[in-house]
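Here is a set of short exercises to work through with the model open in your viewer. Try each task yourself before you read the solution.

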Amino acid sequence: VDATFKANSGHPGAPMGMAPVAHVLFNKFMTFNPKNPDWINRDRFVLSNGHGCMLQYALLHLFGYGVSLDDLKNFRHIDSITPGHPEAHDTPGVEVTTGPLGQGFANAVGLAVAQAHTAGTFNKPGFDLITNYTYCFFGDGCAMEGIASEAASAAGHLQLGNLIMVYDDNHISIDGDTKCAFTEDVMKRFEAYGWHTQHVEKGDTDLEGIEAAIKKAKEVTDKPSVIKLTTTIGFGSKLQGTGGVHGNPLKADDIKSVKEKFGFDPEKTFVVPQEVTDMYHKHAAEGAAAEQEWNQLFEKYGKEHKAEHDDLVRRLTGALPEGWQTKLPTYKPTDPAIASRKLSESVLEAIHEAVPELMSGSADLTGSNNTIWKNAVDFQPPSTGIGNWSGRYMRYGVREHAMAGMMNGMSAYGTIIPAGGTFLNFVSYAAGSVRLSSLSHQRVIYIATHDSIGLGEDGPTHQPIETLAHFRALPNMMVWRPADGNETSAAYYVMLTSRQTPSIIALTRQNLPQLEGSTIEKAIKGGYVNLEDKEAQITLVSTGSEVSICLEAVKYLKDNHSIKARVASMPCVEVFDTQDQEYRLSVIPDGIPAMSVEVMSTLGWEKYSHEQFGLNRFGASGAYKDVYKKFEFTPEGISKRAVKTIDFYKDVKPLRSPLNRAFQQLI
C-alpha cells in the first residue's frame, strides 16, 4: 500500500488479496536460499501477469534477497530493481519476466517441463537431485487469455505433477466485475484439461484451509494442480471487492484506515515489525541449510556419477560443451541444392549428441519444420508409452503462443536450450511471448520454416510479408535468414553461443544451391561479400533464397548490359550491425549504389541500401517458381531494377554508403 501510494502508480488490490496465500506458501512450503537465488533445486514462484509484483517485491525484501526498503520506496522509478512488472534480469529472486496477462502461466508450465526433464536426465537411485516445485498465481484476466488456455491444456496432457497454480478468484478485472465478460466455470475447464482441482472459499482468512489445499496438491503427482482461492481484491480497503482498488493506489484516508484495521501505526510508512522479519529470516536460513545439504548430496553424486555431475555443472554456467562446433556441417558448391529447413535438420542431426541441453520441438508441424533428429525420444509422461521425462523432443500441439511462453520458462530454468518450430507466418501468433524472450534475455531458438512466397501453393494466408520487418524491429532479437548450408550452420553457431539473446531462423521450403562464396567464418559476421568485383557498378544486398537469384542476376547484367555487380549476403542484420564500421563499409561500400533484394516487406532495408526491391503487398497462390516470376524476383527482374538504380545515382558524387549516417558514432 505504501509503495504504490509513494509511486502514485501500481496495483495494490491483488497483493492485498493474495497476501495470506503468499504468506502460507512461502513460509510453509517453498524451499529457496535468498543468498543464492540461482540454486538449481529451489522452488520456483511465478506471477502470471505481474499485477501482484509489489507483493513479490515485499516477499523478496522480507526474505533478504537484496531488495531493500529503499528499493520498495523506489517502486516503478527509473533504473530501480523494482520495475512496474517483474523482470527477471533486474530483480534477484524474480524467475521470469511477466506482465502481459497469461505469460507467466505459460512460463510456469515451461519451468515445470524443465524440472521434469532435468530430473529425468540427472536423478539416479539414491540421488533425488532435482525435486523442486513450480508455483504460480493467476487471476481472472489470465484465465481469459488464450495463451493460458493453450498452456493449461499442454500441462494437463503432460501430467505435470510438479506444477501448482493458485487461481485468484476475486471476480474483478480492469473493466469491473467479471460478470460483464467472464462467467464460465473455470474449474470445470481445468478438470477437462486433466488438472487436479480444489476450492478454498475463504481465501482472505482461512490460512489452515490454504495450507491443507497446498499440501493435498503436492500429494497429487500425476496431474498439475489448481487451487481456486476466493479472495477479496484490496482486502481491508474501503474499496475492497471493487475494480477501483485494482490498478490505482489507495487514497491517504483509506491507507490510514487499512493500517488501523491491521494493527499498524497509521502515521508511519514502510514499517516491518521485527517479529515478521525474524520469522521470514528464519525460513530463509532453513533454505540456506537445505541448499547446504543438497550440495553435500551433489558432491557425493559426483563421485558415483561423474559424467552426469560434470554435465550439470557445465550447463549451469551456460557454457556449451568444448568442441561442439566441430560437428557443424559444411558444404561445397558442388553439393546438391537443399531446402534450408532440411539444412537446419542436418544441423540438429549433427549436433544433438554434442549439445545435450538442446531440446527441440514443434507446434504440430514436425514433418514440415524438420525439427526432429532420427533417434529423438519424445518428452512425454512415461505412462503414455510414447516417451519419457528425459526425452528431448517436445510435441507442443497447435499451440504456438504457449510453445513460445513455455520455452521462455524452460530457458529460465537454467539447464535447457529450447528450440521450437512453426511456420514463419505463425510466429506472429506467438509474438507476445517472443517479445518477452528478448526482454528477458532468454536463449530461445524459434525455427520458422516456409519463410516467403517460396512456399508456393498455400498462398497469401501462409506467405510472410511483414513478419521479418516486425521481428527485426524487436530489440535483442536475432533474425537469421540463411542462403545455404554454410550460412545455416553459421546461424546455429551464433544462436547457440549467444547466451542473452533469442533468435528466429527463417527457413525455406524450396531447395537452395550451395554458394561458392559462403563459409561459416564469413557468415557468423551477419553479413559478408559473397561475390566481389572491384569494378562493380552496384552492390546487390540480399538474404536467404534471393541471394542465389542475385548471383544469377550478376551474370545476366554482365551478358546483357555489360554491367558489373557484386553481391553481399546479409543472413542477420542484427549481428552485422555489431561489426566495426570499417568491416561493414567493406561489405556495402561508398562510391556505388546498393540495392536490397528480399521477397517481403522493404521496411528497414533503407538502412543498408539506396533502393529496395521487395514485396509490399500480399503474395499469390501457385507453384513457387511461378509466384517468383509473377513478382519479377528473377535474374531479369532484379537486373531491370539494378540498371534503373545505377542510372538514377550516376550523377551523385560522391555517393556515400547508406551505412554512413550522421548518428553513426552514437549507435
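Let's warm up at the C-terminal side of a helix: Pro654 lies in the segment after helix H24 (635-649). Helices (H or I, at least four residues) and strands (E, at least two) are DSSP runs, numbered from the N terminus. This is a predicted model, in which local features need pLDDT of at least 70 and side-chain atom pairs count only at pLDDT 80 or more, while totals for chains, interfaces and linings use all residues. Residues are numbered from 1 along each chain as its sequence is written, and side-chain values use heavy atoms, with hydrogens and water left out.

**Exercise 1. Backbone angles**

Task: Find the state of the peptide bond from Lys653 to Pro654, then work out where Arg76 and Asp79 lie and what sign their phi has.

Solution.
- Step 1. Recall the background: most residues other than glycine have a negative phi, and most peptide bonds are trans.
- Step 2. Read omega from Lys653 to Pro654: the value is near -10°, and the bond is cis.
- Step 3. Go to the loop between helix H4 (69-73) and helix H5 (103-122), where Arg76 is placed. Asp79 is found in the loop between H4 and H5 as well.
- Step 4. Read phi: Arg76 has a positive value near 70°, and Asp79 has a positive value near 65°.
- Step 5. Add the accessibility (buried means under 20% relative accessible area, exposed over 50%, partly exposed in between, with a 1.4 Å probe and protein chains only). Arg76 is partly exposed at 28%, whereas Asp79 is exposed at 77%.

**Exercise 2. The two sides of H8**

Task: Which residues of helix H8 (residues 186-193) are buried, and which exposed residues sit on the face turned away from them?

Solution.
- Step 1. Pick out the buried residues: Val186, Met187, Arg189 and Phe190.
- Step 2. Check their directions. These residues cover an arc of only 155° around the axis, which puts them on the same side of H8; the arc is that of the directions from the helix axis to the C-beta atoms.
- Step 3. Bring in the helix geometry: an α-helix has 3.6 residues a turn, so residues three or four places apart point the same way.
- Step 4. Turn to the face away from the buried side, which carries the exposed residues Lys188 and Ala192.
- Step 5. Inspect the ends. Asp185 caps the N-terminal end, with a side-chain oxygen 3.2 Å from the backbone nitrogen of Met187. Gly194 follows H8, and its phi is positive, near 95°.

**Exercise 3. Cysteines**

Task: How many disulfides does the structure hold?

Solution.
- Step 1. Fix the criterion: a disulfide is a pair of cysteine sulfur atoms within 2.5 Å.
- Step 2. Count them: there are 0 disulfides.
- Step 3. Try Cys53, which is in no disulfide; its nearest cysteine sulfur, that of Cys142, is 13 Å away.
- Step 4. Try Cys142, also in no disulfide; its nearest cysteine sulfur, that of Cys136, is 7.3 Å away.
- Step 5. Note the surroundings: Cys53 is buried at 2% relative accessible area, and Cys142 is buried at 0%.

**Exercise 4. Buried polar side chains**

Task: Which side chains make polar contacts with the side chain of Arg481, and which one does so with that of Thr415?

Solution.
- Step 1. Set the rule: a polar contact is a pair of N or O atoms within 3.5 Å; within protein, one must be able to donate a hydrogen and the other to accept it, and residues adjacent in sequence count only if both atoms are side-chain atoms.
- Step 2. Locate Arg481 in the loop between strand S13 (478-480) and helix H18 (485-497). Arg481 is buried, with a relative accessible area of 0%.
- Step 3. List its partners: the side chains of Asp451 (2.8 Å) and Ser545 (3.0 Å).
- Step 4. Locate Thr415 in the loop between helix H15 (400-413) and strand S11 (417-423). Thr415 is buried at 1%.
- Step 5. Its side chain makes a polar contact with that of Thr118 (2.7 Å).
- Step 6. Widen the view to contacts (heavy atoms within 4.5 Å). Beyond neighbours within four places in sequence, Thr415 touches residues including Ile40, Leu312 and Glu357.
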